[in-house]
Amino acid sequence: MRTLRTPVIVLLVLVPLVSWWWIVVMARDMYGPMTGASAWMMTPHWDAPHLLLLWAMWAVMMIAMMLPSAAPMVLLAGGAAGQEDERARARRTYLLALGYVAVWAVFSVGATALQWTLARLLVLTPMMEPSSRTAGAVFLVIAGLYQWTPLKRACLISCQSPLAFLMRRWRSGPGGAFRMGMEHGLYCVGCCWALMLLLFAGGVMNLAVIAALTAFVAFEKLAPVGMQSVRVSGALLLAAAAWMFLGR
């Protein structure tokens with residue numbers, strides 16, 4: 001594992017830290033002076049530069065939130081590379097993480113399109129928050145119901161068992177590492193896409209919501225509690241939605 005020290009520090013420490021720093025700067029600017037990049041996204045004119053900036057915000061946010069929770073898979077894949085030398089192991093680790101991040105970058109395209117649509121429909125305010133309690137409750141209902149679906153359980157099992165995933169999906173070579181990262185990323189998207197709707201419910205750039213969601217995703221994927229957390233969280237999300245509906 002000593003040979004993986006540099007890529008592990010880069011992928012699981014430095015990259016998330018830089019991503020979180022960027023998110024904090026953006027959030028403080030949005031809820032503060034609005035003189036930086038966040039002000040660009042609060043515009044009624046969604047041209048290509050604004051949409052690209054919005055996509056970058058989502059992509060960085062997904063890296064900050066999701067890459068640390070992929071640590072077990074990254075470590076196992078890098079350490080299980082057989083007789084490869086140090087450079088080959090490091091390259092495999094980087095390519096696997098790149099494949100994983102690429103999937104979330106594509107997901108960010110969909111999140112950008114959804115936010116743009118919701119903004120045009122006035123479901124979201126320029127501050128990237130729900131325009132009504134009903135809108136926030138709808139996002140909670142979708143996320144809560146998805147927690148109980150078979151697809152959620154199947155994807156979560158793969159995310160919770162990186163060793164089993166690698167035994168089923170192992171591929172050699174640089175291309176194989178990138179493909180494994182993409183496949184694991186697809187399972188994680190299948191597991192967590194509905195939870196990301198909670199960002200729309202609580203405010204896309206709300207640091208408390210982002211941090212709480214990051215912690216919950218990590219707990220759900222890494223804690224040895226099986227499906228219990230999924231059932232409980234689904235019920236809690238639906239209860240929160242009911243409270244928002246009744247509190248209109």
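## Fold and overall composition

Read along the sequence, the protein runs α-α-α-α-α-α-α-α-α-α-α-α, and this predicted model accordingly contains twelve helices and zero strands. Of the 248 residues in the protein, 46% are buried, while the accessible surface comes to about 11,800 Å², with 72% of that area belonging to carbon and sulfur atoms. Among contacts between residues at least 6 apart in sequence, 76% join residues that are at least 24 apart.

## The nonpolar core

In soluble globular proteins, nonpolar side chains tend to be buried together. Here the largest nonpolar core has 66 residues, and those with the most contacts inside it are Met61, Trp104 and Met196. Helix H3, which spans residues 48–66, gives this core its largest share, namely nine residues.

Once its neighbours within four places in sequence are left aside, Met61 is in contact with Ile23 and also with Leu199, Val204, Met205 and Ile210.

## Aromatic pairs and the residues of H3

A search of the whole structure finds five aromatic pairs. In one of them, the ring centres of Trp58 and Phe200 lie 5.5 Å apart with the planes at 45°, so the pair is classed as tilted, an angle under 30 degrees being needed for stacked and one over 60 for edge-to-face. This pair links distant parts of the chain, with Trp58 in helix H3 and Phe200 in helix H10 (residues 197–202), 142 residues apart. Both Trp58 and Phe200 are buried, and together with Phe139 they form one aromatic cluster.

Another tryptophan, Trp55, is also placed in helix H3, but with a relative accessibility of 30% Trp55 counts as partly exposed, because that value falls between the 20% limit for buried and the 50% limit for exposed. Apart from neighbours within four places in sequence, Trp55 is in contact with Ala105, Ser108, Val109 and Thr112. Thr112 is 57 residues from Trp55 in sequence, yet the C-alpha atoms of the two are 5.5 Å apart in space.

## Packing of H11 against H12

Two packed helices are described by the angle between their axes and the distance between the axes. For helix H11 (residues 207–222) and helix H12 (residues 228–246), the axes come within 9 Å and cross at roughly 145°. The contact brings Phe216, Phe219 and Glu220 of H11 together with Ser229, Val230 and Ser233 of H12, and its residues divide into three nonpolar, two polar and one charged.

## A buried serine in H7

Ser158 is found in helix H7, which covers residues 150–160. Its relative accessibility is 7%, so Ser158 counts as buried. Beyond neighbours within four places in sequence, the contacts of Ser158 are with Phe165, Arg168, His184 and Tyr187.

## Positive phi between H5 and H6

Most residues other than glycine have a negative phi, and most peptide bonds are trans. Leu122, which is not a glycine, has a positive phi near 65° and lies in the loop between helix H5 (86–120) and helix H6 (133–146). Met128 likewise has a positive phi of about 65° although it is not a glycine, and Met128 too lies in the loop between H5 and H6.

The two residues are nevertheless assigned to opposite classes of accessibility: Leu122, at 63% relative accessibility, counts as exposed, whereas Met128, at 2%, counts as buried.

Methods
Residues are numbered from 1 along each chain as its sequence is written. This is a predicted model: local features need pLDDT of at least 70, side-chain atom pairs count only at pLDDT 80 or more; totals for chains, interfaces and linings use all residues. Side-chain values use heavy atoms; hydrogens and water are left out. Helices (H or I, at least four residues) and strands (E, at least two) are DSSP runs, numbered from the N terminus. Buried means under 20% relative accessible area, exposed over 50%, partly exposed in between (1.4 Å probe, protein chains only). Contact means heavy atoms within 4.5 Å. Accessible areas come from the Shrake-Rupley method with a 1.4 Å probe; for residues, only the protein chains shown count as cover. A nonpolar core is a set of buried Ala, Val, Leu, Ile, Met, Phe, Trp, Tyr and Cys residues joined through side-chain atoms within 4.5 Å. Axes are lines fitted to C-alpha atoms, for helices over the stretch in contact, and angles run from 0 to 180 degrees between N-to-C directions. Ala, Val, Leu, Ile, Met, Phe, Trp, Tyr, Cys and Pro count as nonpolar, Asp, Glu, Lys and Arg as charged, and the others, Gly among them, as polar. Rings of Phe, Tyr and Trp (its six-membered ring) pair if their centres lie within 6.5 Å; planes under 30 degrees apart count as stacked, over 60 as edge-to-face and the rest as tilted.
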